[in-house]
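Here are my notes on this entry, set out as numbered points. Please read them with the model open.

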Amino acid sequence: MNRVSFADAEIADHGDFENIGLYAQESTDQIWLDAIGYPAHWAAFTVSQKSAQEVTVSTGRYVAGEIVYEQADPVDLNLQLQIPAAASDQRWIAILLRGEEVVESENRPFETSEDPETSVIVQRTTPKTVRRRVSMIVQAGEANPVPSKPIVAPTDACIAYVLLASAGIDAIEPGNDSRVKTLYEVEGRVTALEVDLSGLFLRTETIETQIVNIWGKLGEIPRPVIIRQMQRDIGAARLKVDLPDEARAYAFDQGLVMDQWDSTHVDWLARIEEGVRFGFAATLQARLEVQAEDDPKVAFRGRRMVPAFDEVTRIANTSLDGTLNISQLVHTETTLVRKEVSRIRITYGPTQVACENAAGWAGLGGDARVRQMLDVGGETFEVVYVGTNYGPGHQQYGVRQIRYEIYAEPYWEYVTENIGVNGSIYAQTFLVAQPMQITSVDLAFARVGVDGDVHLFIVETTKSGAPKFDAVLAQGILPHASLAVGWNKCELPITLLESGKRYAIMTVTTGAHALYVSATNKYTGGTQFITTDGAFAQGSTETDFCFRVNAARYRSPRTVIPMQALNLADGMTQIDMLYAGWVPGGCELGWEIRPAGTDTWVELDDGDPAINPLVGLPASVELRMVMMGTADLQPMIQLDDKAVSRVSRNRPNMVGVSDSFEFGLSTTSIVTQYTVDAFEPDRHTFTPAIMVGGATVAPDTTEVSVDALKPSRRTYLSTYTLGAAATAARMRVAATTDNVVTVPFVQDVFISAL
């Protein structure tokens with residue numbers, strides 16, 4: 001450290017006085033650098049809002065290592081240029097400090113001569129004060145509906161962050177990260193740490209003792225690998241084993257089936273369908289029927305309807321080389337199993353929303369889902385689920401307005417009809433190279449017996465090419481009275497035969513009839529089989545039936561069929577149709593509606609919910625079906641008593657009550673988590689609750705989390721404190737809407753005792 005010294009008679013030089021200030025400043029700078037050492041920090045500044053566009057920065061100091069800069073007077077900053085123009089945008093700006101050293105001049109009297117007798121004093125401007133002062137700059141972030149603060153460099157001191165909206169200044173946050181901490185603050189923190197350290201030492205000694213005790217028990221604890229194996233096994237077993245509810249203190253449900261819901265509860269106003277949904281205020285179910293079954297554009301075979309067609313022969317073997325007695329064997333009683341045509345379900349309306357919990361079906365196994373969704377008129381349609389596959393050929397599409405449940409396999413193995421037959425069984429297999437819709441089979445008879453009808457079946461074949469007696473697709477009969485020597489036609493229900501597959505024509509009769517056959521294996525597309533026990537079939541290497549397979553040749557590639565109108569008093573919000581049928585590849589079966597009072601036909605397809613024709617709650621809707629295909633393939637719909645339509649209108653409120661869950665313990669604290677989808681805050685309300693005994697208990701606290709990826713989905717996490725301990729509780733979810741066209745639904749629920 002330096003100090004200027006003067007003698008008694010010394011004439012002082014101006015440099016001596018200059019050094020007095022320099023030495024003092026250097027000493028102060030070294031103290032800041034060595035002892036305090038704050039780089040790019042600030043002290044004493046405050047930022048306050050002056051107007052919608054201006055802020056006022058108070059006096060303060062900027063510390064830059066060894067140099068301290070000062071702002072002696074408050075300064076106003078105008079942020080007008082940084083305010084975002086868009087009404088939805090916001091922007092964070094950072095106010096940064098800069099230091100500069102300036103020299104200020106003043107007028108001072110000067111001598112004009114060294115001789116005081118002759119010197120004349122004059123006024124002259126001279127540098128007088130060296131001032132270290134503060135300047136400010138603004139660093140702006142990006143304008144965005146969800147703005148982020150600008151990144152401040154470590155070499156900059158930020159005194160405040162200001163949030164700007166289109167209307168002006170919205171918020172001010174101090175930049176505490178770069179504020180100089182006083183010795184008083186540091187002392188307070190050190191004192192608090194000293195107290196914590198004292199307790200920490202005591203705790204450490206206790207922990208060391210406990211660790212020694214734990215070390216002695218480590219050999220008794222199962223390895224983590226074993227625990228993880230047990231967790232996986234238990235998780236898998238819960239999906240397969242009916243664990244009792246009292247075996248665990250929690251319950252989770254995705255709202256897929258009614259197993260964990262109480263629809264008989266007095267508060268119940270809901271329905272379970274891939275979530276807890278609003279119940280219907282009104283619903284009407286009716287058969288799907290065409291306006292005129294004698295319409296020349298369509299053809300019925302039984303109750304199966306297709307566009308009008310002509311018959312053509314697609315596969316034939318007409319080499320009449322010999323005869324075969326098809327009733328020469330001992331008669332066998334056989335039970336054949338006929339498959340049913342698979343079902344198609346279409347649900348349409350602005351209330352339909354994709355359900356993420358639909359993936360939960362993959363873990364259930366079994367057939368619970370289809371048993372719930374496709375139960376019509378006492379008939380249960382079962383499809384077995386395997387892993388994540390929704391059954392053979394099953395595909396599901398869930399979108400906002402329309403949901404398809406399509407089972408693409410033409411015939412179900414799980415909806416069957418037993419057919420008992422008695423007689424000799426012969427069969428002829430054939431290969432289908434191109435898909436077709438068979439309508440009849442011609443057989444060439446060489447001899448007709450005195451009695452006995454001929455039953456004819458189209459059956460699938462095994463992988464080895466033998467007939468499958470439990471996979472009958474079509475059944476026809478040739479009455480004895482109509483049999484004649486020569487070609488005889490047996491009409492069949494319209495039956496879809498897929499390309500690349502082998503099928504078999506099977507005859508069962510008790511009459512002494514004979515068919516023409518071809519010899520020397522002239523027909524190479526199949527094999528003739530006989531069976532004597534109703535199970536095993538033996539193939540022939542020499543002869544084959546003489547037969548002709550006839551199929552449909554359609555007259556038009558596109559057919560529009562008017563259907564009976566759909567009606568519901570006071571209007572509808574949803575249309576639900578279920579019917580048997582198939583839609584081969586390259587074909588389409590579409591539906592169009594025209595609500596009463598409009599003149600435009602609208603496809604039942606996904607689109608903007610705001611322009612959905614059911615938004616206006618029409619009381620009557622005209623319906624028509626559009627079949628599109630090729631000359632050889634067309635969609636088919638089976639208009640029997642299982643083909644139904646259901647039109648419905650939602651309630652304005654929903655209450656779902658679960659079964660009572662036994663916790664297996666006594667508790668006064670419960671937590672629930674409800675996930676709600678399709679939620680619009682301006683239109684909907686949701687109220688989480690539980691029921692203990694007969695009383696409804698509101699939550700003490702509820703935390704609502706909005707899904708960042710899907711803002712219409714939110715989670716309600718609620719905690720409940722009971723006045724008295726309970727061993728069981730119900731979940732209770734309630735919601736309302738101000739427009740029955742748009743409704744939310746509960747995606748999944750969870751309850752746990754604490």
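The points below go from the whole chain to sheets, strand pairs, cavities and one glycine.

1. Status and overall make-up. The model is predicted, not experimental. Its protein chain holds five helices and 49 strands. Strand pairing therefore takes up much of this note, with pairing counted where DSSP finds at least two bridges between two strands.

2. Burial and surface. The protein chain has 754 residues, and 44% of them are buried. The exposed area of the protein chain is about 37800 Å². Carbon and sulfur atoms supply 52% of that area.

3. Contact range. Take the contacts in the protein chain with a separation of 6 or more. Residues 24 or more positions apart account for 77% of them.

4. A four-strand sheet. Which order do the strands of this open sheet follow? The order is β36-β40-β38-β39, and the pairing is antiparallel. β36 (558-567) and β39 (602-603) are the edge strands, each pairing on one side only. β36 and strand β40 (residues 620-628) run antiparallel and are joined by eight bridges. To check the register, start at Pro562, which stands opposite Arg624 in β40.

5. A three-strand sheet. β2, β3 and β6 form an open sheet in the order β2-β3-β6, again with antiparallel pairing. Why is one side of β2 and of β6 left without a neighbour in the sheet? β2 (47-49) and β6 (75-78) stand at the edges and have a single partner strand each, so one side of each has no neighbour there. On average, neighbouring strands of this sheet are turned by 30 degrees against each other, direction ignored. Strand β3 (residues 54-57) runs antiparallel to β6, and four bridges join the two. Val57 stands opposite Val75 in β6.

6. Strand β7 and two partners. How many bridges join β7 to β8? There are 19 between β7 and strand β8 (residues 121-140), and the two run antiparallel. One residue pair to inspect is Ser105 with its bridge partner Pro127 in β8. Strand β7 (residues 90-111) also pairs with strand β9 (residues 158-165). That pairing is antiparallel too and spans seven bridges. Here Ile95 has Ala160 in β9 as its bridge partner.

7. Cavities. Rolling a probe the size of a water molecule over the atoms shows where empty space is left. A search of the whole structure gives three cavities of 30 Å³ or more. The largest cavity contains about 60 Å³ of space. Which residues line the largest cavity? Its lining consists of Arg271, Arg277, Phe278, Thr351, Gln352, Asn650, Val743, Pro744 and Phe745.

8. Gly449. This glycine sits in the loop between β26 (436-447) and β27 (454-461). Is Gly449 buried or exposed? Buried means under 20% relative accessible area. Gly449 has a relative accessible area of 12%, so Gly449 is buried. What does Gly449 touch, leaving aside its neighbours within four places in sequence? Gly449 is in contact with His480, Ala512 and His513. Leu483 lies 34 residues from Gly449 along the chain, and their C-alpha atoms are separated by 9.2 Å.

Conventions:
Residues are numbered from 1 along each chain as its sequence is written. This is a predicted model: local features need pLDDT of at least 70, side-chain atom pairs count only at pLDDT 80 or more; totals for chains, interfaces and linings use all residues. Side-chain values use heavy atoms; hydrogens and water are left out. Buried means under 20% relative accessible area, exposed over 50%, partly exposed in between (1.4 Å probe, protein chains only). Contact means heavy atoms within 4.5 Å. Accessible areas come from the Shrake-Rupley method with a 1.4 Å probe; for residues, only the protein chains shown count as cover. Axes are lines fitted to C-alpha atoms, for helices over the stretch in contact, and angles run from 0 to 180 degrees between N-to-C directions. On a 1 Å grid over the protein atoms alone, a cavity is a set of points where a 1.4 Å probe fits but cannot get out, and a pocket is an open set with protein on both sides within 12 Å along at least five of seven lines; lining residues have an atom within 4 Å of a point. Grid points are joined across faces, edges and corners, and a volume is the space filled by probe spheres set on the points.
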